[in-house]
Amino acid sequence: MKNILFLINTILLSLKRNRKLRNIDGPIKVNLGCGLTVTKGWINIDGSLNSLVSRLPEAFIRLIYRYTGANQSFDVGEYVNIVSNNDFIHHDLRDGLPFGSNTLSHVYSSHFIEHLNRDEATNLLGDAYDALVSGGKIRISVPDLEYAISLYPDNKKDMMEKYFFINDKANTFSNHKYMYDFDSMSTMLSRIGFRDIVRGDFAEGDFPNVDLLDNRCKDSLFVEAIK
Ligand SMILES: C[S@@+](CC[C@H](N)C(=O)[O-])C[C@H]1O[C@@H](n2cnc3c(N)ncnc32)[C@H](O)[C@@H]1O
């Protein structure tokens with residue numbers, strides 16, 4: 001059943017590949033690769049089953065719950081509440097952003113960019129740059145490559161391997177494809193055109209809702225930049 005659902009998900013994502021969302025009153029705030037870490041006032045984009053069912057009747061959301069992995073963190077009532085009371089867009093972000101130029105004020109992303117290979121990440125962040133208004137802000141959190149490598153001499157190889165070698169055949173969105181430290185992330189952002197690139201701290205700063213969106217303190221690299 002799980003494999004069939006993921007196959008249907010992949011087919012539906014490919015049908016939506018080239019769409020652009022119009023009629024959006026902007027500029028808006030978007031959360032890329034949101035998972036279930038979402039909050040009001042944001043448009044949350046993800047290619048998962050969660051976002052696929054978000055606009056369906058509650059019965060479908062309840063049905064899909066056990067196949068999403070959400071049962072490890074939420075009970076079914078919490079899951080229905082998160083999925084049906086927030087704005088989700090079901091979209092494969094390897095196909096770029098479904099927004100036009102100068103439509104976004106803020107772009108947030110937590111523990112998602114490492115699920116893209118480097119070219120896909122560069123293209124997506126290039127799209128984000130184009131879609132942001134001048135002065136718009138991006139905040140990216142990824143597992144810190146420096147932290148992951150520090151586990152190796154620390155005799156924590158099993159933990160370290162999980163950063164590099166997640167291999168979930170049913171849900172390929174789970175796999176990590178690249179890792180970043182501050183230098184490589186800031187070089188990528190600066191080549192795209194971003195300026196004022198700085199390292200951030202967990203849940204701190206004036207980025208909107210940072211206290212609600214940041215959710216992984218210990219192993220994360222936080223980077224902010226401006227268009
Ligand atoms: C590790 S989770 C992070 C979720 C959340 N941002 C957080 O910090 O807890 C990675 C998320 O990226 C999504 N994802 C991975 N590849 C994707 C893609 N190509 N397009 C859209 N979403 C993708 C997955 O579905 C998953 O929800």
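The expected span of a helix is 1.5 Å times one less than its number of residues, a handy yardstick for the first close-up of this predicted model.

**View 1. Helix H1, residues 2-15, lies largely in the open.** Helix H1 has 14 residues, and the distance from its first C-alpha to its last is 20 Å. That is close to the 20 Å expected at 1.5 Å a residue. How many residues of H1 are buried? The number is one of the 14, so the helix lies largely in the open.

**View 2. The whole chain, for orientation, holds nine helices and seven strands.** The radius of gyration is 17 Å, close to the 17 Å that the globule rule gives for 227 residues, so the chain is as compact as a globular protein of that length. Its C-alpha trace spans about 50 × 45 × 30 Å along the principal axes. Of the 227 residues, 37% count as buried. If you count contacts between residues at least 6 apart in sequence, 72% of them join residues at least 24 apart.

**View 3. The largest nonpolar core takes in 50 residues.** Look for Val107, Ala128 and Met185 here: these touch the most other members of the core. Helix H5 (residues 118-131) supplies the largest share, five residues. Zooming in on Ala128, you will find that this residue touches Leu97, Val107 and Ile138, leaving out residues up to four places away in sequence. As background, nonpolar side chains in soluble globular proteins tend to be buried together.

**View 4. Ser105 sits in strand S4, residues 104-110.** Is Ser105 buried or partly exposed? Ser105 has 16 other C-beta atoms within 10 Å, and a residue needs 20 or more to be buried, so Ser105 is partly exposed. Which residues does Ser105 contact, apart from its neighbours within four places in sequence? The partners are Pro27, Ile28, Lys29, Val133 and Gly136. Ile28 deserves a second glance: Ser105 and Ile28 are 77 residues apart along the chain, yet 5.5 Å separates their C-alpha atoms.

**View 5. The ligand is surrounded by 16 residues.** The closest of these are Gly33, Gly35, Gly47, Ser110 and Phe173, so labelled for easy finding. The shell around the ligand has four nonpolar, nine polar and three charged residues.

How values were computed. Residues numbered from 1 in each chain as written. Predicted model: local features only at pLDDT ≥ 70, side-chain atom pairs only at ≥ 80, totals over all residues. Core = buried A, V, L, I, M, F, W, Y, C linked by C-beta atoms within 7 Å. Buried ≥ 20, exposed ≤ 12 C-beta atoms within 10 Å, placed from the backbone. Helix = DSSP H or I, 4+ residues; strand = E, 2+ residues; numbered from the N terminus. Contact = placed C-beta atoms within 7 Å. Near = placed C-beta within 6 Å. Nonpolar A, V, L, I, M, F, W, Y, C, P; charged D, E, K, R; others polar. Rg over C-alpha atoms; globule rule 2.2 N^0.38 Å.
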